[in-house]
Amino acid sequence: MNAVYLAPSVISADFGNLQADLAQAEKGGADLLHVDIMDGHFVPNITFGPAIVARIKSLTKLPLDVHLMISHPRKYAAAFAKAGAANITFHVESEDDTSATISEIKKLGCHVGLSVKPKTPLSAICAHLNQLDRVLVMTVEPGFGGQKFMPDMLPKVEEARAWRKEGNFKYDIEVDGGLDKETIEPSVRAGAEVIVAGTAVFGRPDIGQAIREMRETALAALKG
Ligand code: DX5
Ligand code: ZN
């Protein structure tokens with residue numbers, strides 16, 4: 001796979017001006033909208049729940065890439081599917097049974113992703129790879145936007161790519177945290193295809209321009 005999909009993270013958008021920010025992201029060529037759900041328990045921060053996700057869904061045509069940083073993803077998957085998630089990614093470190101949660105998300109008609117925090121080796125998700133549409137390698141400790149990219153996570157991205165080839169799996173590889181027009185380059189070289197970026201997109205005065213710059217860098221890195 002050689003394409004790069006850009007997924008701006010709505011957590012960094014201006015919620016007082018959300019419709020305009022989302023329109024700019026769409027116009028700038030965003031492929032997905034990344035939606036971070038935090039419960040104040042799995043991570044030390046709280047964002048929002050399904051009602052807000054449904055509202056976001058009504059404001060954009062972009063498919064919603066919902067990232068659950070919550071302790072009980074199985075319990076809440078149906079609510080986020082109903083709110084309009086195209087993909088639901090949850091953490092292998094959560095408290096719910098991983099296989100049961102994957103089945104639940106699939107049953108709801110959504111694509112399913114599984115994520116690892118920085119301290120968790122990728123081997124923690126090995127047993128599930130044939131079930132997954134997406135593998136999310138966290139490149140910061142989940143919980144907050146605006147943190148520094150951890151380059152030492154890139155070997156996990158390479159590992160995910162190698163395992164996909166060996167096992168003929170179909171998941172795509174996503175990175176999340178600290179991605180900008182510099183860090184996107186080593187990330188796509190390592191094999192990342194879905195690039196989440198909050199601050200580097202919505203924190204910039206020209207959202208469309210920020211997306212275009214990131215895409216240019218990524219495509220140049222793939223060619224070079
Ligand atoms: C971090 C979230 C990220 C975050 C990325 O816990 O999962 O999606 O919004 O934000 P930036 O791009 O600012 O690191
Ligand atoms: Zn995220």
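Helices (H or I, at least four residues) and strands (E, at least two) are DSSP runs, numbered from the N terminus. The structure is a predicted model, in which local features need pLDDT of at least 70, side-chain atom pairs count only at pLDDT 80 or more, and totals for chains, interfaces and linings use all residues. Residues are numbered from 1 along each chain as its sequence is written, chains are lettered from A and ligands numbered from 1 in the order in which they are written, and side-chain values use heavy atoms, with hydrogens and water left out.

Ligand 1 is surrounded by 20 residues (one heavy atom of each within 4 Å). D36, G143, D176, G198 and T199 are the closest. By class, this shell holds eight nonpolar, ten polar and two charged residues. Here Ala, Val, Leu, Ile, Met, Phe, Trp, Tyr, Cys and Pro count as nonpolar, Asp, Glu, Lys and Arg as charged, and the others, Gly among them, as polar.

Polar contacts are pairs of N or O atoms within 3.5 Å. An oxygen atom of ligand 1 lies 2.7 Å from a polar backbone atom of G198. A backbone N or O atom of G146 is 2.8 Å from a ligand 1 oxygen atom. For H34, a polar side-chain atom lies 3.4 Å from an oxygen atom of the ligand. The protein covers 99% of the 380 Å² of accessible area that ligand 1 has on its own (Shrake-Rupley method, 1.4 Å probe).

Ligand 1 sits in the largest pocket (more than half of its atoms lie within 2 Å of the grid points). On a 1 Å grid over the protein atoms alone, a pocket is an open set of points with protein on both sides within 12 Å along at least five of seven lines; a cavity is a set where a 1.4 Å probe fits but cannot get out; lining residues have an atom within 4 Å of a point. Two or more residues of the ligand shell come from each of β2 (33-38), β3 (64-69) and β8 (194-197). The largest share, three residues, belongs to β2.

The largest pocket holds about 270 Å³ of space, taken as the space filled by probe spheres set on grid points joined across faces, edges and corners. Its lining comprises 25 residues, with G145, G146, G177, G178 and G198 nearest the centre. β2, β3, β8 and α7 (199-202) each give two or more residues to this lining. Eleven of the lining residues are nonpolar, eleven polar and three charged.

One cavity of 30 Å³ or more is found in the whole structure. The largest cavity has a volume of about 30 Å³. L6, A7, P8, I195, A197, V201, I211 and M214 line the largest cavity. β1 (5-8), β8 and α8 (207-223) each supply at least two of these residues.

Terms used
Polar contact = N/O pair within 3.5 Å; in protein donor to acceptor, adjacent residues only side chain to side chain.
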